[in-house]
Amino acid sequence: MKKIIFYCEPNWAFGSIHTELAKYLWCEGIDCKILPWNQLYTWQEMKEQDQCCDLWVTTPHGWRFLGYNYGTVAPEKCAVIAHARLDIAELIHHKGLVDFEKFYKWGVVSEWLLGVSQQLGVAQVPEVLPLGINYNSFRQPPSQQLQTVGYAGHYFRENDVPPEEISSYLAQPKYHKRAWLIEQACEKVGLNFSVAQRYHNTYVTMPGFYSSVDAVIVASTEEGAGLPALEAGASGRLVISTPVGHWPQRVGPHGGLEVAIPPEQFLSQTCDILQHYKNNPAEYHNKCLSIQQHAASYDWKHVIKIWRDFLT
(Lines give C-alpha, C1' and ligand atoms only; values in the text may rest on other atoms or scores of the structure.)
Protein backbone atom coordinates (compact mmCIF):
# COMPACT_ATOMS: atom_id res chain seq x y z
CA MET A 1 0.00 0.00 0.00
CA LYS A 2 1.12 3.54 -0.69
CA LYS A 3 2.04 5.33 2.55
CA ILE A 4 1.00 8.96 2.93
CA ILE A 5 1.49 11.52 5.69
CA PHE A 6 -1.11 14.29 6.08
CA TYR A 7 0.85 17.17 7.62
CA CYS A 8 -1.93 19.42 8.90
CA GLU A 9 -3.78 20.91 11.85
CA PRO A 10 -5.39 17.91 13.57
CA ASN A 11 -8.62 19.48 14.73
CA TRP A 12 -11.67 21.35 13.48
CA ALA A 13 -12.10 21.40 9.68
CA PHE A 14 -8.68 20.02 8.80
CA GLY A 15 -9.00 17.32 11.45
CA SER A 16 -12.40 16.28 10.16
CA ILE A 17 -11.34 16.30 6.51
CA HIS A 18 -8.14 14.33 6.93
CA THR A 19 -9.43 11.85 9.50
CA GLU A 20 -12.26 10.87 7.17
CA LEU A 21 -9.96 10.87 4.13
CA ALA A 22 -7.72 8.39 5.93
CA LYS A 23 -10.69 6.05 6.46
CA TYR A 24 -11.98 6.21 2.92
CA LEU A 25 -8.55 6.08 1.27
CA TRP A 26 -7.65 2.90 3.16
CA CYS A 27 -10.38 1.17 1.13
CA GLU A 28 -8.69 2.56 -2.01
CA GLY A 29 -5.34 0.99 -1.11
CA ILE A 30 -3.70 4.03 0.48
CA ASP A 31 -2.42 4.05 4.08
CA CYS A 32 -2.67 7.56 5.57
CA LYS A 33 -1.58 9.02 8.89
CA ILE A 34 -1.96 12.53 10.32
CA LEU A 35 1.12 14.34 11.60
CA PRO A 36 -0.06 17.46 13.50
CA TRP A 37 1.73 20.60 12.39
CA ASN A 38 1.05 22.37 15.70
CA GLN A 39 3.73 20.28 17.38
CA LEU A 40 7.49 20.68 16.98
CA TYR A 41 9.63 17.79 15.73
CA THR A 42 13.35 17.26 15.54
CA TRP A 43 15.12 17.55 12.22
CA GLN A 44 16.30 13.94 12.56
CA GLU A 45 12.86 12.42 13.15
CA MET A 46 11.43 14.33 10.20
CA LYS A 47 14.26 13.15 7.96
CA GLU A 48 13.75 9.56 9.14
CA GLN A 49 10.00 9.81 8.57
CA ASP A 50 10.57 11.12 5.08
CA GLN A 51 12.42 7.91 4.28
CA CYS A 52 9.46 5.83 5.49
CA CYS A 53 6.62 7.39 3.51
CA ASP A 54 5.85 7.72 -0.16
CA LEU A 55 4.15 11.11 -0.16
CA TRP A 56 3.50 14.13 2.04
CA VAL A 57 0.16 15.94 1.70
CA THR A 58 -0.23 19.43 3.12
CA THR A 59 -1.30 23.00 2.41
CA PRO A 60 0.95 25.79 1.12
CA HIS A 61 1.36 26.86 4.77
CA GLY A 62 2.44 23.36 5.76
CA TRP A 63 4.84 23.16 2.82
CA ARG A 64 6.73 26.18 4.13
CA PHE A 65 7.49 24.22 7.32
CA LEU A 66 8.33 20.95 5.58
CA GLY A 67 10.38 22.49 2.81
CA TYR A 68 11.99 25.47 4.53
CA ASN A 69 11.80 25.26 8.35
CA TYR A 70 12.66 21.56 8.53
CA GLY A 71 14.17 21.34 5.07
CA THR A 72 13.68 17.59 5.00
CA VAL A 73 11.06 17.18 2.27
CA ALA A 74 11.60 17.76 -1.45
CA PRO A 75 8.75 19.53 -3.27
CA GLU A 76 8.61 16.62 -5.74
CA LYS A 77 7.53 14.41 -2.83
CA CYS A 78 4.78 16.73 -1.66
CA ALA A 79 1.17 17.09 -2.84
CA VAL A 80 0.07 20.59 -1.86
CA ILE A 81 -3.63 21.46 -1.59
CA ALA A 82 -5.07 24.92 -0.98
CA HIS A 83 -8.19 25.21 1.16
CA ALA A 84 -8.44 29.02 1.10
CA ARG A 85 -7.24 32.10 -0.77
CA LEU A 86 -4.90 32.82 2.15
CA ASP A 87 -3.09 29.51 1.57
CA ILE A 88 -2.03 30.58 -1.91
CA ALA A 89 -1.42 34.27 -1.15
CA GLU A 90 0.74 33.48 1.88
CA LEU A 91 3.12 31.19 0.00
CA ILE A 92 3.44 33.68 -2.85
CA HIS A 93 4.06 36.49 -0.36
CA HIS A 94 6.89 34.62 1.36
CA LYS A 95 8.41 32.47 -1.37
CA GLY A 96 7.09 33.64 -4.72
CA LEU A 97 5.65 31.42 -7.46
CA VAL A 98 8.53 29.06 -8.15
CA ASP A 99 7.52 26.23 -5.78
CA PHE A 100 4.16 25.56 -7.43
CA GLU A 101 5.82 24.10 -10.51
CA LYS A 102 7.96 21.73 -8.42
CA PHE A 103 5.26 20.02 -6.37
CA TYR A 104 4.34 16.41 -7.10
CA LYS A 105 0.76 17.63 -7.41
CA TRP A 106 -0.97 20.98 -6.93
CA GLY A 107 -4.62 20.98 -5.94
CA VAL A 108 -7.49 23.11 -4.64
CA VAL A 109 -10.76 22.16 -2.97
CA SER A 110 -13.18 24.12 -5.16
CA GLU A 111 -13.65 25.54 -8.63
CA TRP A 112 -13.56 29.01 -7.07
CA LEU A 113 -10.05 28.41 -5.73
CA LEU A 114 -8.92 27.24 -9.15
CA GLY A 115 -9.81 30.70 -10.41
CA VAL A 116 -8.07 32.33 -7.44
CA SER A 117 -4.90 30.35 -8.16
CA GLN A 118 -4.87 31.61 -11.72
CA GLN A 119 -5.69 35.19 -10.67
CA LEU A 120 -2.74 35.20 -8.27
CA GLY A 121 -0.39 34.22 -11.09
CA VAL A 122 0.20 30.52 -10.48
CA ALA A 123 1.03 29.03 -13.89
CA GLN A 124 0.51 25.43 -12.78
CA VAL A 125 -3.19 24.59 -13.18
CA PRO A 126 -4.43 22.90 -9.98
CA GLU A 127 -6.62 19.84 -9.86
CA VAL A 128 -9.98 20.35 -8.14
CA LEU A 129 -10.53 17.99 -5.20
CA PRO A 130 -14.13 18.22 -3.93
CA LEU A 131 -14.58 17.95 -0.17
CA GLY A 132 -17.00 15.52 1.39
CA ILE A 133 -18.28 14.51 4.81
CA ASN A 134 -19.10 11.28 6.57
CA TYR A 135 -22.86 11.49 6.09
CA ASN A 136 -23.52 8.81 8.71
CA SER A 137 -21.73 10.83 11.41
CA PHE A 138 -24.11 13.76 11.07
CA ARG A 139 -27.40 12.10 10.09
CA GLN A 140 -30.12 12.52 12.75
CA PRO A 141 -33.87 13.25 12.81
CA PRO A 142 -34.64 16.52 10.99
CA SER A 143 -35.58 19.52 13.10
CA GLN A 144 -39.31 20.10 13.75
CA GLN A 145 -39.45 23.82 14.54
CA LEU A 146 -37.26 26.87 13.96
CA GLN A 147 -36.18 28.34 17.28
CA THR A 148 -32.37 28.49 17.31
CA VAL A 149 -29.91 29.48 14.58
CA GLY A 150 -26.42 28.04 14.76
CA TYR A 151 -23.08 29.36 13.56
CA ALA A 152 -20.46 26.68 12.95
CA GLY A 153 -17.51 28.68 11.61
CA HIS A 154 -14.82 30.84 13.23
CA TYR A 155 -16.59 33.58 15.15
CA PHE A 156 -15.33 37.14 14.88
CA ARG A 157 -16.99 40.41 15.84
CA GLU A 158 -17.18 43.22 13.31
CA ASN A 159 -14.65 45.34 15.22
CA ASP A 160 -12.13 42.51 15.60
CA VAL A 161 -10.39 43.79 12.45
CA PRO A 162 -9.54 47.51 12.22
CA PRO A 163 -11.01 49.13 9.06
CA GLU A 164 -7.59 50.05 7.75
CA GLU A 165 -6.53 46.38 7.82
CA ILE A 166 -9.57 44.89 6.09
CA SER A 167 -7.87 44.91 2.67
CA SER A 168 -4.85 42.98 3.98
CA TYR A 169 -4.74 39.38 2.83
CA LEU A 170 -3.95 38.36 6.42
CA ALA A 171 -7.03 40.11 7.83
CA GLN A 172 -9.49 38.89 5.20
CA PRO A 173 -10.06 35.40 6.66
CA LYS A 174 -11.38 37.04 9.83
CA TYR A 175 -13.44 39.75 8.21
CA HIS A 176 -15.12 37.80 5.43
CA LYS A 177 -16.96 35.43 7.83
CA ARG A 178 -19.38 38.19 8.99
CA ALA A 179 -20.97 36.22 11.83
CA TRP A 180 -22.27 39.50 13.23
CA LEU A 181 -24.77 39.75 10.37
CA ILE A 182 -26.28 36.40 11.36
CA GLU A 183 -26.58 37.59 14.95
CA GLN A 184 -28.36 40.74 13.77
CA ALA A 185 -30.80 38.67 11.70
CA CYS A 186 -31.63 36.51 14.72
CA GLU A 187 -32.30 39.58 16.85
CA LYS A 188 -34.64 41.02 14.22
CA VAL A 189 -36.67 37.81 13.88
CA GLY A 190 -36.60 36.85 17.56
CA LEU A 191 -34.54 33.64 17.32
CA ASN A 192 -31.82 32.30 19.56
CA PHE A 193 -28.25 32.49 18.25
CA SER A 194 -25.74 29.77 19.14
CA VAL A 195 -22.02 29.73 18.31
CA ALA A 196 -20.27 26.36 18.30
CA GLN A 197 -16.84 27.88 18.93
CA ARG A 198 -17.98 29.26 22.30
CA TYR A 199 -18.33 25.84 23.89
CA HIS A 200 -17.22 23.11 21.44
CA ASN A 201 -13.56 22.14 21.36
CA THR A 202 -13.35 19.53 18.62
CA TYR A 203 -14.91 18.49 15.33
CA VAL A 204 -15.82 15.17 16.95
CA THR A 205 -18.60 16.81 18.99
CA MET A 206 -20.05 18.89 16.13
CA PRO A 207 -22.93 16.47 15.39
CA GLY A 208 -24.10 17.30 18.92
CA PHE A 209 -23.98 21.00 18.13
CA TYR A 210 -26.17 20.55 15.05
CA SER A 211 -28.67 18.61 17.16
CA SER A 212 -29.01 21.67 19.41
CA VAL A 213 -29.88 24.15 16.61
CA ASP A 214 -32.54 24.31 13.92
CA ALA A 215 -30.78 26.25 11.17
CA VAL A 216 -27.21 27.03 10.17
CA ILE A 217 -26.29 30.19 8.28
CA VAL A 218 -23.13 31.04 6.31
CA ALA A 219 -22.68 34.79 5.80
CA SER A 220 -19.20 34.77 4.25
CA THR A 221 -18.07 36.94 1.38
CA GLU A 222 -15.75 34.10 0.35
CA GLU A 223 -14.91 30.53 1.35
CA GLY A 224 -12.39 28.10 -0.05
CA ALA A 225 -15.06 25.41 0.12
CA GLY A 226 -17.00 25.25 3.40
CA LEU A 227 -18.04 22.29 5.58
CA PRO A 228 -20.86 23.72 7.79
CA ALA A 229 -23.41 23.75 4.96
CA LEU A 230 -22.66 20.09 4.22
CA GLU A 231 -22.68 19.01 7.87
CA ALA A 232 -25.83 20.95 8.77
CA GLY A 233 -27.62 19.57 5.72
CA ALA A 234 -26.77 16.01 6.68
CA SER A 235 -28.08 16.77 10.18
CA GLY A 236 -31.47 17.74 8.79
CA ARG A 237 -31.22 21.45 9.55
CA LEU A 238 -32.28 24.46 7.49
CA VAL A 239 -29.24 25.73 5.58
CA ILE A 240 -28.92 29.35 4.43
CA SER A 241 -25.77 30.59 2.70
CA THR A 242 -24.21 33.10 0.40
CA PRO A 243 -23.02 31.55 -2.92
CA VAL A 244 -19.43 31.04 -1.79
CA GLY A 245 -16.86 28.24 -2.00
CA HIS A 246 -18.25 25.02 -3.41
CA TRP A 247 -21.90 26.02 -2.82
CA PRO A 248 -22.75 26.11 -6.56
CA GLN A 249 -21.24 22.67 -7.25
CA ARG A 250 -21.88 20.78 -3.99
CA VAL A 251 -25.00 22.32 -2.43
CA GLY A 252 -27.08 24.43 -4.80
CA PRO A 253 -30.85 24.96 -4.61
CA HIS A 254 -31.58 21.42 -3.38
CA GLY A 255 -29.24 21.64 -0.39
CA GLY A 256 -30.24 25.00 1.04
CA LEU A 257 -31.42 28.53 0.46
CA GLU A 258 -29.12 31.05 -1.19
CA VAL A 259 -28.94 34.70 -0.13
CA ALA A 260 -27.03 37.65 -1.58
CA ILE A 261 -23.60 38.76 -0.37
CA PRO A 262 -24.08 42.57 0.00
CA PRO A 263 -24.84 43.23 3.72
CA GLU A 264 -28.21 44.95 3.35
CA GLN A 265 -29.50 42.35 0.90
CA PHE A 266 -28.12 39.53 3.03
CA LEU A 267 -29.94 40.81 6.12
CA SER A 268 -33.21 41.46 4.31
CA GLN A 269 -33.33 38.10 2.53
CA THR A 270 -32.16 36.12 5.55
CA CYS A 271 -34.71 37.75 7.84
CA ASP A 272 -37.51 37.04 5.35
CA ILE A 273 -36.52 33.37 5.13
CA LEU A 274 -36.21 32.95 8.89
CA GLN A 275 -39.53 34.70 9.56
CA HIS A 276 -41.32 32.56 6.98
CA TYR A 277 -40.08 29.24 8.34
CA LYS A 278 -40.53 30.35 11.94
CA ASN A 279 -44.20 31.00 11.17
CA ASN A 280 -44.71 27.80 9.16
CA PRO A 281 -43.33 24.82 11.12
CA ALA A 282 -44.77 22.12 8.85
CA GLU A 283 -43.21 23.68 5.76
CA TYR A 284 -40.02 24.21 7.70
CA HIS A 285 -39.80 20.54 8.70
CA ASN A 286 -40.41 19.39 5.11
CA LYS A 287 -37.65 21.71 3.90
CA CYS A 288 -35.22 20.26 6.45
CA LEU A 289 -36.14 16.77 5.30
CA SER A 290 -35.53 17.56 1.62
CA ILE A 291 -32.21 19.24 2.44
CA GLN A 292 -31.13 16.14 4.35
CA GLN A 293 -32.07 13.86 1.48
CA HIS A 294 -29.89 15.90 -0.87
CA ALA A 295 -27.07 15.87 1.68
CA ALA A 296 -26.54 12.14 1.13
CA SER A 297 -24.67 13.25 -2.02
CA TYR A 298 -22.02 14.92 0.16
CA ASP A 299 -20.61 11.64 1.45
CA TRP A 300 -16.92 11.07 0.78
CA LYS A 301 -17.75 7.91 -1.18
CA HIS A 302 -18.93 10.08 -4.08
CA VAL A 303 -15.62 11.93 -4.47
CA ILE A 304 -12.98 9.65 -2.94
CA LYS A 305 -11.81 8.26 -6.27
CA ILE A 306 -10.88 11.79 -7.38
CA TRP A 307 -8.64 12.03 -4.33
CA ARG A 308 -7.24 8.53 -4.90
CA ASP A 309 -6.27 9.37 -8.47
CA PHE A 310 -4.69 12.66 -7.35
CA LEU A 311 -2.56 10.94 -4.71
CA THR A 312 -1.38 8.02 -6.85
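This passage describes a sheet with its packed helices, one buried glutamate and the cysteines of a predicted model. Residues are numbered from 1 along each chain as its sequence is written, and side-chain values use heavy atoms, with hydrogens and water left out. Because the model is predicted, local features need pLDDT of at least 70 and side-chain atom pairs count only at pLDDT 80 or more, whereas totals for chains, interfaces and linings use all residues.

Six strands (DSSP runs of E, at least two residues, numbered from the N terminus; paired if DSSP finds at least two bridges between them) form an open sheet with parallel pairing, in the order β2-β1-β3-β4-β5-β6. Its edges are β2 (30–36) and β6 (127–128), each of which pairs on one side only. Within the sheet, β3 (residues 55–58) and β4 (residues 78–82) are joined in the parallel sense over three bridges, and Trp56 has Cys78 in β4 as its bridge partner.

Glu90 is placed in helix α4 (residues 85–95), where helices are DSSP runs of H or I, at least four residues. Glu90 is buried at 14% relative accessible area (buried, under 20%; exposed, over 50%; partly exposed, in between; 1.4 Å probe, protein chains only).

No disulfide, defined as a pair of cysteine sulfur atoms within 2.5 Å, is found in a search of the whole structure. The sulfur of Cys52 lies 7.8 Å from that of Cys53, the closest cysteine sulfur, and is therefore too far away for a bond; Cys52 is partly exposed, at 47% relative accessibility. Cys271 is likewise in no disulfide, the nearest cysteine sulfur, that of Cys186, being 8.4 Å away, and Cys271 is buried, with a relative accessible area of 11%.
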